[in-house]
Every structure is written in structure tokens, then in C-alpha cells.
Amino acid sequence: MIGTLDSKVPDGPMADKWTSHKFNMKLVNPANKRKFEVIVVGSGLAGSSAAATMGELGYKVKLFTYSDTPRRAHSIAAQGGINAAKNYQNDGDSVHRLFYDTVKGGDYRSREANVHRLAEVSVDIIDQCVGQGVPFAREYGGLLDNRSFGGAQVSRTFYARGQTGQQLLLGAYSALMRQVSAGSVELHTRTEMLDLVVHDGVAKGIVTRDLVTGDIRSHTAHAVVLATGGYGNVYYLSTNAMMCNVTAGWRAHRRGALFANPCYTQIHPTCIPASDEFQSKLTLMSESLRNDGRIWVPRGHDESRMAKDIPDAERYYYLEEKYPSFGNLVPRDVASRNAKTVVDQGLGVGPLKNGVFLDFADAIARDGEDTIRAKYGNLFDMYERITGENPYERPMRIYPATHYTMGGLWVDYELQSNLPGLFVIGEANFSDHGANRLGASALMQGLADGYFVLPYTIGNYLAPLLGDDKLDEGDPACEVVVKEAADETQRLMGINGSRSVDWFHRELGKLVWDYIGMERDANGLEKALTEIPALREEFDKDVRILGSADGLNSSLEKASRVRDFFELAELKARDALERNESCGGHFRTESQTEEGEALRDDVNYSHVAAWEWGGDPSSAIRHDEQLEFVEVPLTQRSYK
Amino acid sequence: MEETLNLTLKVWRQAGPDASGRFETYELTGISTDMSFLEMMDVLNEQLITGGEEPVEIESDCREGICGTCGCMINGRAHGPEKATATCQLHMRKFSDGDTIIVEPWLAESFPVIKDLVVDRSPLDRIIEAGGYITVPTGSAPDANLIPVPKDAADAAFDGAACSGCGACVAACPNSAAQLFTSAKIQHLNLLPQGQAERWSRTEEMVETMEEYFGSCTNHGECHEACPKEIPLDFIAFTNRDYVKAKRKNRKLLGQSS
């Protein structure tokens with residue numbers, strides 16, 4: 001049983017906590033670091049930066065990724081930028097302001113001390129990345145350029161064209177490959193984690209499947225680090241890459257790690273709508289487009305005219321009307337919910353009536369097409385490539401899509417889960433973004449955890465273990481887990497039903513989107529709790545996986561991931577049901593202000609919900625970690 | 001506007017690295033022109049699964065043209081007919097009703113087939129491992145604005161840094177050379193002030209590692225034509241120049257100045 005959750009936040013003033021904690025943590029001396037082995041799962045920003053840094057320090061690291069090379073991880077697709085409190089623009093930014101904005105932006109559901117540390121190390125990240133040769137945008141004088149992003153009042157976002165994630169990941173990947181060359185990191189590509197080995201309550205290793213040979217085996221170490229990303233693909237359609245999944249985190253959860261706040265999901269307002277039922281993923285269009293585009297739908301149902309032929313009086317600029325001061329620049333969740341409202345009213349545009357217009361006609365008339373092309377040319381080209389429509393001549397069509405998940409495995413201040421020896425970093429943990437993540441903060445958190453937090457805190461865990469051998473890979477504790485993973489693989493192969501894995505994933509996605517999407521209510525969530533398990537049972541009887549488990553078999557890989565999404569979806573519904581308030585990306589229709597904004601209930605829900613596996617998906621046990629707001633006073637958001 | 005296509009696909013099927021492969025012919029009807037090429041392959045795979053036949057293994061991940069996972073030969077061209085476009089961003093409106101489309105894995109001896117359209121591109125990682133980095137251990141970097149980088153140099157470096165490592169350059173090359181991939185990374189780092197300390201050793205080691213795995217460049221330029229990121233061919237010339245200099249400088253131990 002789990003006792004009280006101890007976040008292990010150090011004492012002392014907020015601004016001194018991390019500095020004093022770094023001094024108080026135990027150290028492993030340089031000659032002894034090589035005696036410790038660490039497993040890192042995942043090669044995105046968090047995993048690659050952590051593995052590279054621990055390798056530099058002298059630990060023996062094994063890195064696992066299901067991709068063919070570490071450089072493919074989905075961090076690569078982040079477009080916008082990375083925040084840092086450098087204050088290079090002299091516009092009043094500071095560590096305290098970045099901290100403050102992040103706590104407030106998270107709608108007061110994150111842990112203050114973690115967020116403050118994130119803001120502190122943000123400045124070191126930029127130095128590190130520039131040192132690696134990351135080609136951030138520069139001014140003509142040769143110094144770094146910044147922009148304001150996601151409604152921030154200061155310009156603190158560093159960017160590399162519209163490919164910031166790619167460049168940061170390639171920087172971390174280069175540092176990683178230097179360590180591979182130096183022999184401190186051992187790379188295991190095309191290898192997927194299927195389970196966690198826990199022995200006497202301590203994480204001791206993982207069980208993996210070699211995706212090329214099908215070989216299932218164990219790997220042990222003194223500590224295991226999960227850097228396995230978010231669970232947005234539970235919706236089937238999302239901006240996540242096709243292979244993103246929750247399996248590593250979920251299997252750790254089933255072995256005792258607490259899963260925190262699974263209901264927190266960020267829906268991004270500006271994505272290209274689905275074109276048909278075989279749509280496989282949704283593409284994000286950078287949020288910067290809202291700086292110049294005006295969002296509207298026709299006022300009349302069954303509008304058949306071209307957009308440009310609809311007079312102004314018959315257009316409904318719903319964000320500008322409802323939120324005169326912020327207009328089209330309202331936060332992501334507000335923009336998303338309002339798009340859903342008008343589409344649900346039957347005012348949607350496009351062949352499937354599943355989008356709203358993002359119209360640049362006024363901006364082009366005001367600034368000229370060349371100016372708009374200079375600002376957004378690559379985005380307009382991408383839009384045209386996907387839709388076949390020219391956005392210089394007709395408005396873009398956009399609709400919200402799942403983008404990021406704030407929930408994840410519960411971790412303490414040292415990024416360690418409730419299972420000793422299991423650390424969780426990046427999007428896979430829950431700690432820094434509360435109920436809503438600010439733009440350009442995901443890259444910051446992944447790299448903060450990997451470069452500057454975990455490499456310190458893991459030493460504090462390892463130091464007392466000096467002289468202890470890692471668990472033998474032939475230990476019965478490993479063999480049991482290997483056998484369970486092999487049995488589960490055989491069970492899936494043996495179902496031999498009639499429907500493809502993708503069919504089930506699509507159906508699951510529809511349920512999750514309808515009931516646990518942008519708006520949730522008790523009635524829908526109750527339905528989700530009936531319909532999701534029913535679909536899961538059908539999956540267990542009727543999924544069809546052809547071929548063999550002894551070689552490359554992507555249907556089998558997907559089946560194993562989708563099976564875990566079913567269980568996560570159920571927990572997500574329960575978490576959403578029990579959190580009877582609205583906050584950030586979690587909107588309960590029962591809890592809103594008169595203006596239709598998310599209404600928090602700080603008396604009852606100012607806490608982290610951390611769920612313990614109870615033997616099956618319906619019997620999860622809810623624990624809580626109370627949140628205290630000392631530095632940032634609680635306020636209600638308003639964008640009128 | 002959306003239309004639908006009826007297509008004949010000839011797809012390379014190969015059960016494993018050592019198995020012999022063959023083309024299989026499949027008929028598809030009612031493919032929407034709004035679909036991406038990979039979604040069309042998803043439809044094919046659904047059809048195969050329903051019919052009890054193993055689906056075609058084809059890799060993809062981000063499906064927005066940035067991760068470099070996808071890629072196959074489409075009608076003999078790496079990533080298909082559209083310029084500067086990865087396979088995942090190719091849409092079916094580029095094809096016509098009644099077309100026959102030939103789909104093959106990357107064609108290069110250095111990229112052996114794992115199964116169907118999936119190949120092993122790990123030699124590209126070996127090239128990066130040989131020197132595709134700046135040695136700057138975490139925590140040791142100076143302030144990011146300490147060294148101004150001329151905007152032109154930063155922009156040119158970015159043009160190399162944009163490489164997604166998909167391998168199309170190798171697949172398109174008649175010699176299966178990896179010069180464009182290797183030069184893109186070398187020049188990304190060699191053009192920046194931060195990259196000068198290791199410029200000559202990096203160039204020598206990466207070029208020589210490349211030569212262990214890949215063929216030689218004979219300036220066909222097919223790599224640039226196939227590249228979804230339009231990496232400039234100039235980078236190959238810059239790299240050849242740096243390699244010649246590196247041989248001289250490294251041999252004479254003249255230090256690291258240019």
C-alpha cells in the first residue's frame with residue numbers, strides 16, 4: 001500500500017531550494033560512477049540529453065528506442081520554440097516571471113518548486129544548445145533572436161525557423177552519439193520496452209522485445225529512467241507521431257508506479273481537419289498564425305457560397321465577439337472549446353463541416369502578400385500540400401486536435417517515481433505543467449530534466465548503493481516478467497479474430513474524443529466507463545494479427561500498444577469524473593463561470609490525483625498530493 | 001476538390017533479410033485524392049488483413065515530413081514524384097485514375113532490407129558517431145550570446161542542419177553514395193564558430209567512415225533532386241575542400257587554425 005505521497009520538496013526560500021538541494025545531495029565520486037549502470041528508455045529530448053549527460057559523467061548507460069535511430073523521436077516535430085528566462089531582449093523577463101507565468105498558465109495544478117527549478121535551469125539549456133551548434137535564429141548583428149509566443153508578455157522564446165524541436169533533438173542526438181563513440185552509452189535501437197522488473201519494491205530493470213528478431217529478454221541496471229513521452233495517441237487522431245504510445249509508462253504503472261492526472265490533455269486549436277475516415281494523424285499548423293489570421297464561421301447553416309463571397313455581416317467572428325480584448329489570441333483551451341461549440345452548432349466549414357476558417361484576407365490586404373509570405377510561407381506551403389487548397393486565395397480550415405498530455409507517471413522533486421530506482425523525465429512525467437502547458441515549454445522541460453536535473457538527482461539515489469551488484473539478468477525475478485511478456489505476445493497472436501488493430505484503435509479514439517475530449521460531463525464519462533471496457537473485451541476476442549511474432553511485425557507492436565491505451569483510457573475517464581472541477585485543459589461543463597470559462601474548485605481539488613493500479617483497470621485507487629501556492633497567488637483566469 | 005482513384009499497385013514483398021523478394025500486384029478502388037500516400041498504403045493493408053494476407057511492412061512515424069522515418073521508391077524515384085516532399089507528405093492528388101504505382105524499398109546495398117519496404121539505415125548513425133558533434137559536455141558551454149554568429153553563416157549552417165537523415169540521397173544515387181548526408185552534417189558544424197576546434201578531425205573521420213559503408217560520389221546530383229529538405233550540392237564541394245585541407249593539416253599537426 002502507498003502511504004502519504006512525499007514530494008520531497010526541499011525546505012527554504014523558493015529561489016534557494018534547488019541550489020541548496022544540489023549541495024545537500026550525495027555525490028558519487030568520478031571513479032565510482034563507472035560501477036553504476038543506468039537504463040534509459042526513449043531517445044527524445046529528455047532521454048537523449050539524459051543518456052548523453054550521464055555518459056559524460058561516467059555512468060554506464062544503455063539507451064533503448066523502438067525507432068531505427070535515436071534521432072527519430074517525436075520531439076523532432078515540435079515547431080514553435082523553447083522558452084528561457086535569458087532576458088536578452090531587456091523587456092523585463094526573469095526567472096521569477098517565467099516561473100510565475102508557468103504556474104499561472106498551468107491553472108494552479110503544478111508543483112511550485114519543480115516549476116521554479118525549471119525556470120532556473122532554462123537559461124543553461126540555451127547555452128548548452130548553442131554550444132552544440134544548434135542554429136537558433138539570429139539577428140543581423142549575430143546575436144540570438146527571440147519572439148513572444150503563446151500570448152506571453154515578454155519575448156523569451158528561442159526558435160530555429162519552424163523546426164526548433166528538430167534542431168534541439170539533433171543537438172541532443174549528437175551529444176548522445178559522442179558518448180556512443182566513447183563507449184559510455186550502449187545503443188539498442190528497434191527495441192521496445194514491454195515491462196518493468198521490480199524486485200522487493202525496487203525497479204531493477206526492463207523487459208524488451210527486439211522488433212527485428214522478436215527476441216524477448218531482460219536488461220538490468222542500478223536505475224531505470226523512462227523518457228517515453230505522452231499518451232496523446234489514446235485519441236487515435238492527434239498531432240503525435242504514429243508510434244507514440246503509453247506502453248512503457250503503463251507497464252510501470254501496472255508494476256506499482258502511480259499514474260498522475262491522466263485526464264489532463266492539451267487540445268491544440270490550429271490543426272488541419274480530418275479529410276476522411278482513413279485519416280491517420282492530424283497536422284499542427286503553428287499557433288503563430290493566429291497573430292494575423294481571423295477565425296470565423298458563416299452565420300447561416302448550410303452555407304454553400306465560397307468564403308470570399310460571404311459578406312461580413314453574415315460572418316461570425318466568434319472569438320473577436322466573445323473576447324474583445326484577446327480576440328483571436330485567447331489561450332489554446334479557450335480557442336479550442338469555442339471551435340467545438342460552433343461546429344457542434346452545425347456551423348462548421350469544409351466538405352465534412354468539421355472545421356472553422358482561419359482567414360488571412362484582411363492581413364494580405366493590409367500588409368501585402370509578400371509580407372505574409374515572408375512570415376508564414378512555409379506553413380502556407382505545407383497547408384497547400386496537405387489540402388490541395390491555396391491559403392493565399394481562400395481561408396485555411398482548422399480544427400482542434402490532441403497535442404500534448406500534462407499527466408503522466410507521478411514523480412517527486414528528484415524526478416523519482418514512488419518505486420525507488422524508477423525515474424521519469426520529460427512528457428512522460430506529470431510534474432511541471434499542471435493542467436495546461438504553455439507554448440514553447442515542452443522542449444524546455446524535456447531538456448531541463450535530461451541535461452540539468454536528473455543527472456544530479458540520480459546520483460543521490462545511487463550513492464548509497466555503491467558496492468551493490470545490479471540484479472542478475474537470469475534472476476527468477478527477471479524470468480517471471482520475461483515469461484509474462486512472452487505469454488502476452490502469444491495471447492495477442494492467438495486471438496485470430498476478424499478486425500485489424502487500427503480498426504479498434506480508431507473506435508477507441510472516437511470514444512475518448514467524444515467523452516473525454518475538449519468538454520467532459522458526468523453523464524458522458526459514465527458512458528465512457530461502460531463503453532471502453534466493452535470495446536476492450538471485443539478487442540481481446542476479435543483482433544486479427546497476421547504473420548509471426550519471431551520477426552518484424554508492426555501489427556503486433558500496435559496491438560500491444562493499443563491494448564494499453566484501452567486501460568489508460570478507462571483510468572482517464574475515472575480521473576476526469578472524479579475531478580469535479582474545470583482547470584486548464586480539463587473542462588467539466590458542470591463547472592464553469594458565467595462567462596463560460598473553466599471554474600476551478602481550489603477548496604476540493606487543489607491536489608495532484610495519483611492513481612495506484614488495483615489489479616484491473618476499474619479498481620484503481622486514488623491518492624492525492626496536496627498542492628500549496630506560496631509564491632503565486634491563486635486567481636481566476638479571464639480573457640474578456 | 002476530392003475525387004477518387006482506382007489504382008494498381010506493384011509492391012515489393014520480402015519476408016526477411018535473407019529471403020528472396022518479388023513484386024505482388026494489388027488493385028485498389030475508391031482512393032480519395034485527399035489521402036496521403038501512406039494513408040493509401042494503410043487502406044491497402046486493411047484490405048490485406050481482411051483478406052487474411054499479411055500487411056505490407058512500411059515505416060513511418062511523424063507523417064509530417066520531419067522525422068525521416070518514412071521513405072520508399074515510388075515509380076523508381078526516392079520519395080516519389082513531388083519535389084522537396086517526403087513520402088508521408090505526398091498526396092494522392094499527384095496521381096491519376098488508372099495509374100500503376102510501383103513501390104520498392106530504398107535501393108542501396110548499404111541499406112539491406114529487413115522486411116518488405118523496411119530497410120536498415122544504421123550506417124548513417126555510424127557516420128555521425130565518427131564526429132558529427134561538437135564536444136561540449138553538459139554544463140561547460142559559455143553564455144549563448146558570447147560569440148556572435150554572422151546571420152549568413154547561421155542560415156547556411158541551418159541549411160545543412162535541416163537534413164532529416166531519411167536516406168533518400170543514398171537511394172537515389174547510382175553509386176549509393178552518402179556524400180550529401182555526410183556533407184550536410186559536416187558543413188552544419190564546420191560553418192559555425194563553435195565547430196572550428198574539431199573542424200579538420202571531424203571532416204576526416206566522418207568522410208572516411210562514410211567510405212567504409214557507401215559508394216563514391218561522381219557528381220550526378222540525383223541526391224539533391226531526391227532530398228525532401230533540398231540540401232544544396234555546394235556542401236559536397238565544401239566538404240571535399242575541407243577534406244583535402246584536413247589531410248594536410250592533420251598530418252603536419254599544424255593545430256586547428258584555418
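**Notebook: a look through chains A and B**

I started with Gln345(A), which counts as exposed because it has 12 C-beta neighbours inside 10 Å. The cut-off for exposed is 12 or fewer, so Gln345(A) falls in that class. I note that this is a predicted model. I then placed Gln345(A) in the loop between helix 9 (332-344) and strand 14 (356-359) of chain A. I also checked its spacing to His301(A), 44 residues apart along the chain. Their C-alpha atoms are separated by 8.8 Å.

**Helix 7 of chain A**

Next I looked up helix 7 of chain A, residues 247-254. Seven of its eight residues are buried, so the rest of the structure largely encloses this helix. I listed the buried ones: Thr247(A), Ala248(A), Gly249(A), Trp250(A), Arg251(A), Ala252(A) and His253(A). Just after helix 7 of chain A, I found Gly256(A) with a positive phi of about 120°.

**Helix 3 against helix 6, chain A**

I checked how helix 3 (residues 45-57) and helix 6 (residues 164-182) of chain A meet. Their axes come within 8 Å and cross at roughly 35°. The crossing is left-handed. From helix 3 of chain A, the contact residues are Leu45(A), Ser48(A), Ser49(A), Ala51(A), Ala52(A), Gly55(A) and Glu56(A). From helix 6 of chain A, I noted several, including Leu168(A), Leu169(A), Ala172(A), Tyr173(A) and Leu176(A). The residues of this contact divide into 10 nonpolar, four polar and one charged.

**Strand 5 of chain A**

I turned to strand 5 of chain A, residues 185-188. Val185(A) and Leu187(A) make up its covered face. Glu186(A) and His188(A) lie on the uncovered face. Strand 5 of chain A runs parallel to strand 2 (residues 60-64) of chain A, and four bridges join the two. Val61(A) stands opposite Val185(A).

**The core**

Which residues touch the most other members of the largest nonpolar core? I found Val38(A), Val225(A), Leu409(A) and Cys169(B), out of 269 residues in that core. Helix 12 (residues 442-462) of chain A gives the most to this core, with 12 residues. I followed Val38(A) further, leaving aside neighbours within four places in sequence. Its contacts are Met54(A), Tyr59(A), Val61(A), Ala221(A), His222(A), Ala223(A), Val225(A) and Ile458(A). Val61(A) is thus listed twice in my notes: opposite Val185(A), and in contact with Val38(A).

**Sheet in chain B**

I moved to chain B and found an open sheet of five strands, in the order 2-1-5-3-4, with mixed pairing. Strand 2 (22-32) and strand 4 (77-78) of chain B stand at the edges. Each has a single partner strand, so one side of each has no neighbour in the sheet. Strand 3 (residues 73-74) of chain B pairs with strand 4 of chain B in the antiparallel sense, over two bridges. There, Ile74(B) stands opposite Arg77(B). Helix 1 of chain B packs on the sheet and touches strand 1 (4-13) and strand 2 of chain B. The direction of helix 1 of chain B makes about 105° with that of strand 2 of chain B.

**Where the chains meet**

Last, I checked the interface. 62 residues of chain B are in contact with 63 residues of chain A. Several elements of chain B each supply at least two residues to the side that touches chain A, among them helix 1 (37-50), strand 6 (113-115) and helix 5 (179-190). Helix 1 of chain B gives the largest share, six residues. I noted the make-up of that side of chain B: 28 nonpolar, 17 polar and 17 charged.

Note on methods:
Residues numbered from 1 in each chain as written. Chains lettered and ligands numbered in written order. Predicted model: local features only at pLDDT ≥ 70, side-chain atom pairs only at ≥ 80, totals over all residues. Axes fitted to C-alpha atoms, helices over the stretch in contact; angles between N-to-C directions. Left-handed = near helix turned anticlockwise from the far one by under 90°. Contact = placed C-beta atoms within 7 Å. Nonpolar A, V, L, I, M, F, W, Y, C, P; charged D, E, K, R; others polar. Pairing = 2+ DSSP bridges. Buried ≥ 20, exposed ≤ 12 C-beta atoms within 10 Å, placed from the backbone. Core = buried A, V, L, I, M, F, W, Y, C linked by C-beta atoms within 7 Å.
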